[in-house]
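Let's take a walk through this protein together. We'll start with a few strands, step back for the overall picture, and finish at a single residue.

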Amino acid sequence: MDLETYQLFHSARQCFQQGNYPDAISLCGQLLQKQADFPDAYNLLGIIAKTQGNFPEAKQYFQQGLSFNPHHIYLLNSLGALLIDEDLDAAEACLMQAVRLNKDFVNALYNLSSIKSKQGKYAEAVSLLHQVLQLTPENAEALANLSQIEEKKNNLEQAKIHAEKALSLNSHLFIPRLVLSYIEFRQENFQNAIDSLIPIFNSQVQLTVVNYSLAVGQIANAYDKLKQFSLAFEHYKMSNEALLSIYHSIYAESTGIYSPSYLHKQETLIRDFCIEKWLVEDEFNSDENYPAPVFLLGFPRSGTTLLEQMLSAHSRLTTLEEQETFIDIYSEHHLETFNLDQLANMSPQQIAHFREKYWERVSQHISIREGEVLIDKLPLNSAMLVYIYRLFPKAKIIFCVRDPRDVALSCYQQRFEMNTAMYQFLELGSTVNYYKTVMQLAKTTLEKFPFNCYFNHYQDIVDDHSIQLKKIIEFLELNWEDEVLNYRKKSNQNLINTPSNRQVVKKIYKTAINKWKNYQPFIHDELDALEKWVKYWGYTES
């Protein structure tokens with residue numbers, strides 16, 4: 001690097017640090033005109049684009065820089081961090097490559113810990129954070145993330161210690177303030193939960209759009225508990241609009257497996273499919289190593305997490321929480337390029353191959369002991385029913401049902417990890433439409449193929465969970481165990497990687513039933529489009 005190049009880059013970096021992005025971009029442009037393969041300039045341009053919420057442009061800059069230097073650890077780290085919200089596998093590959101090149105690269109180790117947290121591999125996340133703290137003992141960001149994990153583990157005292165220490169090192173951090181608000185909320189100090197977050201909007205805390213959304217969403221939750229529903233709805237809307245501003249360009253036109261357009265096409269294919277082409281005896285249904293899984297389906301916010309936690313207390317059941325286990329078969333047999341005839345006519349060898357791939361993916365997350373039955377819980381596997389039937393035609397299905405209006409409102413109120421499906425929940429209208437699309441696909445598939453399905457209504461669990469659980473255990477052909485009723489003891493020890501994690505550890509409550517009525521003055525007629533499904537599932541219209 002010659003002196004002029006160094007000076008240009010140094011000046012660009014200074015401008016960035018001062019928040020003068022236009023001059024930083026201009027200086028990087030001058031530098032690249034002089035030396036087009038200068039990777040640090042691409043890295044800085046990508047970071048600026050990411051800071052401004054332009055993720056596609058940021059990705060392009062990072063990839064362009066790596067095309068000149070594939071072993072540039074800072075570009076690998078930047079791209080990996082960017083991809084965390086888009087493609088966890090690709091993000092992990094980038095960050096692992098950076099760590100292989102420098103095992104003490106703190107930023108990459110820290111970002112890897114974030115990936116492990118998102119994957120629900122909290123022990124690995126904690127181990128990586130401790131590596132970071134060994135290298136940088138006063139790393140406030142690592143302490144902040146440890147506080148976040150401890151709060152999810154229900155270790156509130158330890159979470160508070162880590163959060164307060166992080167803030168003592170850097171009072172401008174966001175995550176520890178959010179964790180302290182969560183703790184106040186869980187202790188039912190709802191006004192304190194709000195008050196602890198308000199100052200960040202008027203301080204030097206640097207809020208990304210996602211963090212802004214999390215903070216405003218948490219304030220909305222607290223207003224909801226205080227029964228100030230107008231303020232709550234206003235904040236839910238603000239939170240979602242912020243996320244829309246950055247994710248629209250990524251997900252609005254998506255045609256992936258969970259996109260509304262793809263689900264519509266799949267429903268049409270299944271509805272028009274001639275069932276006689278498929279209904280033949282499956283001689284390969286039994287598996288030498290494992291019995292067929294039980295699939296716990298429905299729609300997000302329909303009570304699947306609560307039921308999963310209850311069932312996990314049974315000694316013969318082990319549960320897998322919200323992992324993509326059908327990636328291999330739907331990637332190869334995508335219904336846009338393969339018609340149902342080809343899926344129906346898969347050879348026994350092909351079926352065995354994809355079953356093996358399924359169990360390989362399961363084994364990446366949990367171990368199943370001899371005699372145990374797997375509960376594979378992922379609500380939106382309701383859209384995967386055709387693949388479930390292809391691989392496990394005799395599998396039992398537990399389909400969770402809740403008042404569609406409560407479901408739609410609850411989805412709108414959550415801060416989910418973003419993907420094509422969760423993007424639909426950022427507007428109430430698209431939430432309603434997505435519910436209708438998924439339910440129609442599930443209904444068509446369940447009626448077309450002879451599934452062994454049990455419909456579990458959320459209200460039945462709330463009204464008398466012991467009676468309902470006994471029916472479900474009987475459906476699973478297992479002996480009753482009283483330990484199932486003591487599920488909260490185990491839930492408090494589990495790490496639950498869904499928005500329900502703070503709710504299922506509490507005693508069962510009825511306040512979530514007919515919650516939509518609290519918001520009727522603000523949502524007007526947006527839930528009216530669910531009338532068909534309200535009637536179908538047996539709920540009253542008012």
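Strand S2, which covers residues 317-321, runs parallel to S3, and 5 bridges join the two. If you'd like one concrete spot to look at in this predicted model, find Thr319: its bridge partner in S3 is Ile375.

S3 has another partner too. Strand S1, made of residues 294-297, pairs with S3 over 3 bridges, again in the parallel sense. Here you can look for Leu296, whose bridge partner in S3 is Lys377.

So is S3 itself buried or exposed? The strand takes in residues 373-377, and 5 of its 5 residues are buried, so S3 is largely enclosed by the rest of the structure. Buried here means under 20% relative accessible area. Follow the side chains along the strand and you'll see two sets: Val373, Ile375 and Lys377 point one way, while Leu374 and Asp376 point the other way. Whichever way they point, all of them are buried, and that includes the charged-type residues Lys377 and Asp376.

Now zoom out. The protein as a whole has 28 helices and 5 strands. Its radius of gyration is 25 Å, close to the 24 Å that the globule rule gives for 542 residues, so the protein is as compact as a globular protein of that length. Lay the C-alpha trace along its principal axes and it spans about 75 × 55 × 45 Å.

How much of the protein is tucked away? Of its 542 residues, 52% count as buried. The accessible surface comes to about 24,600 Å², and carbon and sulfur atoms own 47% of that. As for who touches whom, take the contacts with a separation of 6 or more: 71% of them are between residues 24 or more positions apart. Charges are worth a glance as well. The protein carries 50 positive and 65 negative ones, and the mean positions of the two groups are 4 Å apart.

Last stop: Asp460, which sits in helix H24, residues 458-463. With a relative accessibility of 34%, Asp460 counts as partly exposed, since that class lies between the 20% and 50% cut-offs. Which residues does Asp460 touch, leaving out those up to four places away in sequence? They are His465 and Gln468. Arg402 is 58 residues from Asp460 along the chain, yet the C-alpha atoms of the two are separated by 9.7 Å.

Conventions:
Residues numbered from 1 in each chain as written. Predicted model: local features only at pLDDT ≥ 70, side-chain atom pairs only at ≥ 80, totals over all residues. Heavy atoms only, no water. Helix = DSSP H or I, 4+ residues; strand = E, 2+ residues; numbered from the N terminus. Rg over C-alpha atoms; globule rule 2.2 N^0.38 Å. Buried < 20%, exposed > 50% of the residue type's maximum accessible area, 1.4 Å probe, protein only. Contact = heavy atoms within 4.5 Å. Areas by Shrake-Rupley, 256 points an atom, 1.4 Å probe, with all protein chains shown as cover. Charge placed at Lys NZ, Arg CZ, Asp CG, Glu CD. Pairing = 2+ DSSP bridges.
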